[in-house]
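Q: Please take a close look at one part of this model, the nonpolar patch on its surface, and set it in the context of the chain as a whole.

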Amino acid sequence: PLTDGQVFVPLESPGFIDDTFVERRINLGLTSALRRGTVGFRMYRSDRDFQSRRIDETIDGLGLDFSHNLSPRLTFTAGGAWQLSQRAADEPLGRYWAIYPSLRYTLGPHTTLRLQYEHSVNKGAT
């Protein structure tokens, strides 16, 4: 079960695609426990070969998260994500990045309160 940190939806989904494709994907991640928190790094690459449209799509992404326990019940988390996507040689590159700081307060054993801000920029063919 997810007990801490950010819930991530892969940046290239959800979405509707009316074609069949074969996807090759590699995900790498590293998380390290600090004295009063955690720091995590992840990167991925996805290559999709579409059947009908005869195009290829490549998506590269990076992410970084930092979590620090301010008190036994209060946790500060900050993170960022970057993604670069390209579908065809004649299309512009798609660029996406986001930052997201948040505060989480534990009210009880099964209840938490979270305040989060997210700023994202999406340019190009993403």
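A: A residue is called buried when its relative accessible area is under 20%, exposed when it is over 50%, and partly exposed in between, with a 1.4 Å probe and protein chains only. By that scale, 27% of the 126 residues of the protein chain count as buried. The model is predicted, so local features need pLDDT of at least 70 and side-chain atom pairs pLDDT 80 or more, whereas totals for chains, interfaces and linings use all residues. Residues are numbered from 1 along each chain as its sequence is written, and side-chain values use heavy atoms, without hydrogens or water.

The protein chain has seven strands and zero helices, where strands (E, at least two residues) and helices (H or I, at least four) are DSSP runs numbered from the N terminus.

The patch covers about 930 Å² and is made by Ile 26, Leu 28, Leu 30, Phe 41, Met 43, Leu 62, Leu 64, Trp 82, Trp 97 and Ile 99. Such patches join nonpolar side chains (Val, Leu, Ile, Met, Phe, Trp, Tyr) within 5 Å, and like charges within 9 Å, from residues with over 30% relative accessible area and no salt bridge, that is, no side-chain nitrogen of Lys or Arg within 4 Å of a carboxyl oxygen of Asp or Glu; accessible areas come from the Shrake-Rupley method with a 1.4 Å probe, and for residues only the protein chains shown count as cover.

At least two patch residues come from each of β1 (21-34), β2 (37-50), β3 (56-69) and β5 (94-108), with β1 giving the largest share, three residues. Phe 41 sits in strand β2 and counts as partly exposed because its relative accessibility is 38%.
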